[in-house]
Amino acid sequence: RFLLEVVDTVAKEIGAGRTGIRLSPVTPANDIAEPAPQPLYEYVVKQFGGRGLSFIHVVEGATGGPRDLSESGSPFDYDALRAAYVNAGGKGLWIANNGYTRETAIEAVANGKADAIAFGRPFIANPDLVRRLKENAELNALQPEKLYGGGAEGYTDYPALA
């Protein structure tokens with residue numbers, strides 16, 4: 001209920017069409033994991049269906065980790081999650097995230113599994129990621145040991161395409 005109140009308050013202030021939300025149904029955080037995420041998150045997205053939100057951004061799997069993580073032992077059905085949102089009147093963009101490659105992103109959008117794909121870490125290592133994806137160019141490898149190091153190294157020194 002609290003989440004819905006927050007979304008409604010933000011939407012009231014800036015407009016529902018400028019409001020979106022990011023959900024991570026199976027990402028464990030601080031040693032907490034939802035034992036039955038499917039019914040809970042389907043309920044949540046159904047509540048968002050009629051609110052006219054701009055987008056729902058869904059992390060598939062653990063944030064920055066495996067895509068097939070499920071604390072309940074069964075895979076999470078992201079297609080069913082999206083269907084619950086759409087069937088409840090949701091028209092905002094469905095943005096999927098986590099571990100997508102150029103090929104899997106194209107496939108997901110082409111097959112109607114998402115309207116868009118969000119790339120996080122690949123953007124850090126590739127300041128020109130959009131161009132690289134368009135041209136099917138090789139991506140710079142991320143240097144995870146430099147993440148969260150407190151300086152510019154590893155964030156602003158990756159080379160762009162010539």
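Welcome! A good place to start is Gln-38, which touches Phe-76, Asp-77, Ala-80 and Leu-81, leaving aside residues up to four places away in sequence. The model you are looking at is predicted. From Gln-38 we move on to helix H3 (residues 78-87) and then to the largest pocket, which has a volume of about 330 Å³.

**Gln-38 and its surroundings**
- Gln-38 is part of helix H2, which spans residues 37-48.
- With a relative accessible area of 17%, Gln-38 counts as buried, because buried means under 20%.
- The Gln-38 side chain reaches the backbone nitrogen of Asp-77 at 2.8 Å.

**Helix H3, from end to end**
- Asp-77 also caps the N-terminal end of H3, where one of its side-chain oxygens lies 3.1 Å from the backbone nitrogen of Asp-79.
- Within H3, the residues Tyr-78, Leu-81, Arg-82, Ala-84 and Tyr-85 are buried.
- These buried residues sit on the same side of H3, because they cover an arc of only 155° around the axis.
- The cover over the buried residues of H3 includes H2, strand E2 (55-59) and strand E3 (93-97).
- After H3 comes Gly-89, which has a positive phi, near 95°.

**The largest pocket**
- Sixteen residues line the largest pocket, and Asn-97, Asn-98, Gly-120, Arg-121 and Pro-122 lie nearest its centre.
- Helix H5 (residues 121-125) gives the most to this lining, with three residues.
- By type, the lining residues divide into seven nonpolar, seven polar and two charged.

Note on methods. Residues are numbered from 1 along each chain as its sequence is written. This is a predicted model: local features need pLDDT of at least 70, side-chain atom pairs count only at pLDDT 80 or more; totals for chains, interfaces and linings use all residues. Side-chain values use heavy atoms; hydrogens and water are left out. On a 1 Å grid over the protein atoms alone, a cavity is a set of points where a 1.4 Å probe fits but cannot get out, and a pocket is an open set with protein on both sides within 12 Å along at least five of seven lines; lining residues have an atom within 4 Å of a point. Grid points are joined across faces, edges and corners, and a volume is the space filled by probe spheres set on the points. Helices (H or I, at least four residues) and strands (E, at least two) are DSSP runs, numbered from the N terminus. Ala, Val, Leu, Ile, Met, Phe, Trp, Tyr, Cys and Pro count as nonpolar, Asp, Glu, Lys and Arg as charged, and the others, Gly among them, as polar. Buried means under 20% relative accessible area, exposed over 50%, partly exposed in between (1.4 Å probe, protein chains only). A polar contact is a pair of N or O atoms within 3.5 Å; within protein, one must be able to donate a hydrogen and the other to accept it, and residues adjacent in sequence count only if both atoms are side-chain atoms. Contact means heavy atoms within 4.5 Å. The arc is that of the directions from the helix axis to the C-beta atoms.
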